[in-house]
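Welcome, and please open your viewer with the ligands switched on. We will go from stop to stop, selecting a few residues each time and looking at what is there.

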Amino acid sequence: MSEKPKLALYWASSCGGCEIAVLGLHEKILNVAEAFDIVFWPCVMDFKYADVEAMDDDSIDVCLFNGAIRNDENARLAHLLRRKSKVMVAFGSCASGGSMPGLANFTDRDAMFDWIYHKSPTTDNPDGIVPMKHTDVPEGDLELPGFWHTVKTLAQVVPVDYFLPGCPPEASSIEMAVNAILTGQLPPPGSVIGPDVTVCDECPREKHEKKIKRFYRPYEIIPDPDTCLLEQGLFCAGIATRSGCGARCPQVGMGCRGCYGPNEGVVDHGAKILTGIASVLDAQTPEEVDAILDTLPDPAGYFYRFHLPDSLLRRRARANGEKIVAPASEAAGEPA
Amino acid sequence: MSDNGTFEPVIVGFLCNWCSYRAADLAGTSRMGYPATLRDIRIMCTGRLDPTFVLRALQKGADAVLIMGCHPGQCHYQEGNYKAIRRFVLLRRTLRQMGIDDARVQLHWASAAEGVRFAQTVARVTEEIKALGPLDWPHNWPNEDPYALQEANS
Ligand code: SF4
Ligand code: SF4
Ligand code: SF4
Ligand code: FES
């Protein structure tokens, strides 16, 4: 084989958008194929897990891992690819912060299964069948990966060298990361690859003093095209979100949702967005503040849309203060 | 610590240097009795309170957080406690969605002369948290990763 560096790409609990983002490099994807020897990429080529298991440890130069960790299979591949890879990159917001699958941390496995397999209006499940980790069939034991209560980020499961944020990362961010890897011009391990400015810094909208009396949902008003959206009462997380996207959403009239995550040095993305949002409320008393907040449904969902598993609290408390106990049989389950 | 009879809550207090921290001093020097549940941290103004501090306290195992500062209109930096009100009310709504009872994060005022008010507030919050029981946040997620357990054992 050639001397080209070896590249692996994997999707764990992922929507597939990050894979499309890689393909979205268009003709530049050929440069990637040119520069790297792709040794594992189940989304687009046929590989088996056994192929990876057969590789020497540290034989993959770079692994781009997207998706959060929410079941035993995700964890199995995270540990396996970590062992086989020199550099592990948490690719996209799911792997970095939990992102969309991580919103499941507002509930838990039992409540989700109850809704999905029993209670939702579109469920047709007269026998009440629920997926089980083990099912006995005449042919033998069928096994499904154990499904976790709490979604985790990649770094909560294995050590991660670099983080590439974005849901999904923009082509320009991916190119920046690939070039940094190829030229060896990487920041210190543990870093986020990207600029440390906020979306506001890159947003061309005119900024004035922000004081708002209520929030609007995007469908309720047509915002002025040149003025800051937050000043007009539209939720925007750009005040506390790392840029790298070029402020794409506010440029087309949609408030930033926060997908590039917290900026350098920020511990809890949601707490920073919360602080910024609180500062624009034109209110003095708790009652006045509450009245404005009645127009902002689901604040936790806004603040932690992309970084709930990665936040300080990580998840919602279980109902009635009941503690989650990992079922001993499952925790001890036989990892293949 | 979780037996109902003997549960002594851990309450992290963020106290403004200019008022409530002095109220705490006054309560102490006047030998007023109040429960030894408060772990107080002095901040220069409630406006300095980053919500991250509150989340960190809960994440590290505090049962409650008590924020105390100057009465509205009496902040030494003019506007600090109004900032605190805005953050606090928004944080309270956010924490409700995380399943955390309102009683566990409270904002109160006590001037430097209000030692009694300070002591009574600590006593009242302590009773409320005793009734709620421990929060025990770190136990909300066990290790569910069989491969980590396997690696730890090998
Ligand atoms: S980061 Fe966004 S685009 Fe990528 S897998 Fe997750 S949800 Fe999909
Ligand atoms: S629209 Fe959003 S990103 Fe742009 S300046 Fe306003 S708050 Fe910042
Ligand atoms: S503006 Fe915000 S939500 Fe939109 S791409 Fe950029 S970081 Fe993501
Ligand atoms: S100085 Fe006490 S609350 Fe601002």
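Begin at ligand 3, whose shell holds seven nonpolar, two polar and one charged residues by class. To see that shell, select Val199(A), Thr241(A), Cys245(A), Cys249(A), Pro250(A), Cys256(A), Arg257(A), Gly258(A), Cys259(A) and Tyr260(A). Please keep in mind throughout that this is a predicted model.

Next, go to ligand 2. Which residues surround ligand 2? Select Val199(A), Cys200(A), Cys203(A), Arg205(A), Lys207(A), Cys228(A), Leu229(A), Leu230(A), Cys236(A), Gly238(A) and Pro250(A) to display them. By class, this shell has eight nonpolar, one polar and two charged residues. Val199(A) and Pro250(A) are listed around ligand 2, and they are listed around ligand 3 as well.

Now move to ligand 1. Around it you will find Ser14(A), Cys15(A), Gly17(A), Cys18(A), Ser93(A), Cys94(A), Met100(A), Gly166(A), Cys167(A) and Pro168(A). Sorted by class, the shell comprises six nonpolar and four polar residues, with no charged ones. Colour helices α1 (17-23) and α5 (92-97) of chain A, as each supplies at least two residues of this shell.

Stay with Cys167(A) and Pro168(A), both in the shell of ligand 1. The peptide bond joining them is cis, with omega at about -5°. Pro168(A) sits in the loop between β9 (162-164) and α8 (171-183) of chain A. For context, most peptide bonds are trans.

Another backbone detail is waiting at Asp58(A), in the loop between α3 (49-53) and β3 of chain A. Its phi is near 60°, a positive value in a residue other than glycine. Most residues other than glycine have a negative phi.

Zoom out and colour chain A by domain. The assignment gives domain 1 (6-101 + 149-192), domain 2 (107-146) and domain 3 (199-303). Between the centres of domain 2 and domain 3 of chain A, taken over C-alpha atoms, the separation is 39 Å.

Switch to a cartoon view for the sheet of chain A. Six strands make an open, parallel sheet in the order β2-β1-β3-β5-β9-β10. Why is one side of β2 (37-40) and of β10 (191-192) left without a neighbour in the sheet? These strands of chain A stand at the edges with a single partner strand each, so one side of each has no neighbour there. Inside the sheet, select β1 (residues 6-11) and β3 (residues 60-66) of chain A, which pair in parallel over five bridges. Leu9(A) stands opposite Leu64(A) of β3(A).

Chain B has an open sheet too, with four strands in the order β2-β1-β3-β4 and parallel pairing. Its edge strands are β2 (38-43) and β4 (105-109) of chain B, each pairing on one side only. From one strand to the next, the twist averages 20°. Strands β1 (residues 11-16) and β3 (residues 64-69) of chain B are joined by five bridges, and Val12(B) stands opposite Val65(B) in β3(B). Then add helix α3 (residues 80-97) of chain B, which lies across β3 and β4 of that chain and runs at about 155° to β4(B).

Finish where the chains meet. Helix α11 (residues 269-279) of chain A packs against helix α2 (residues 51-59) of chain B at an angle of about 145°, with the axes 9 Å apart. Select Ala271(A), Leu274(A) and Thr275(A) together with Pro51(B), Thr52(B) and Leu55(B), the residues making this contact. By class they are four nonpolar, two polar and no charged residues. The crossing of α11(A) and α2(B) is right-handed.

Conventions:
Residues are numbered from 1 along each chain as its sequence is written. Chains are lettered from A and ligands numbered from 1 in the order in which they are written. This is a predicted model: local features need pLDDT of at least 70, side-chain atom pairs count only at pLDDT 80 or more; totals for chains, interfaces and linings use all residues. Side-chain values use heavy atoms; hydrogens and water are left out. Axes are lines fitted to C-alpha atoms, for helices over the stretch in contact, and angles run from 0 to 180 degrees between N-to-C directions. A crossing is left-handed if the near helix is turned anticlockwise from the far one by less than a right angle, and right-handed if clockwise. Contact means heavy atoms within 4.5 Å. Ala, Val, Leu, Ile, Met, Phe, Trp, Tyr, Cys and Pro count as nonpolar, Asp, Glu, Lys and Arg as charged, and the others, Gly among them, as polar. A residue is near a molecule or strand if one of its heavy atoms lies within 4 Å of it. Domain bounds come from an automatic or database domain assignment. Two strands pair if DSSP finds at least two bridges between them.
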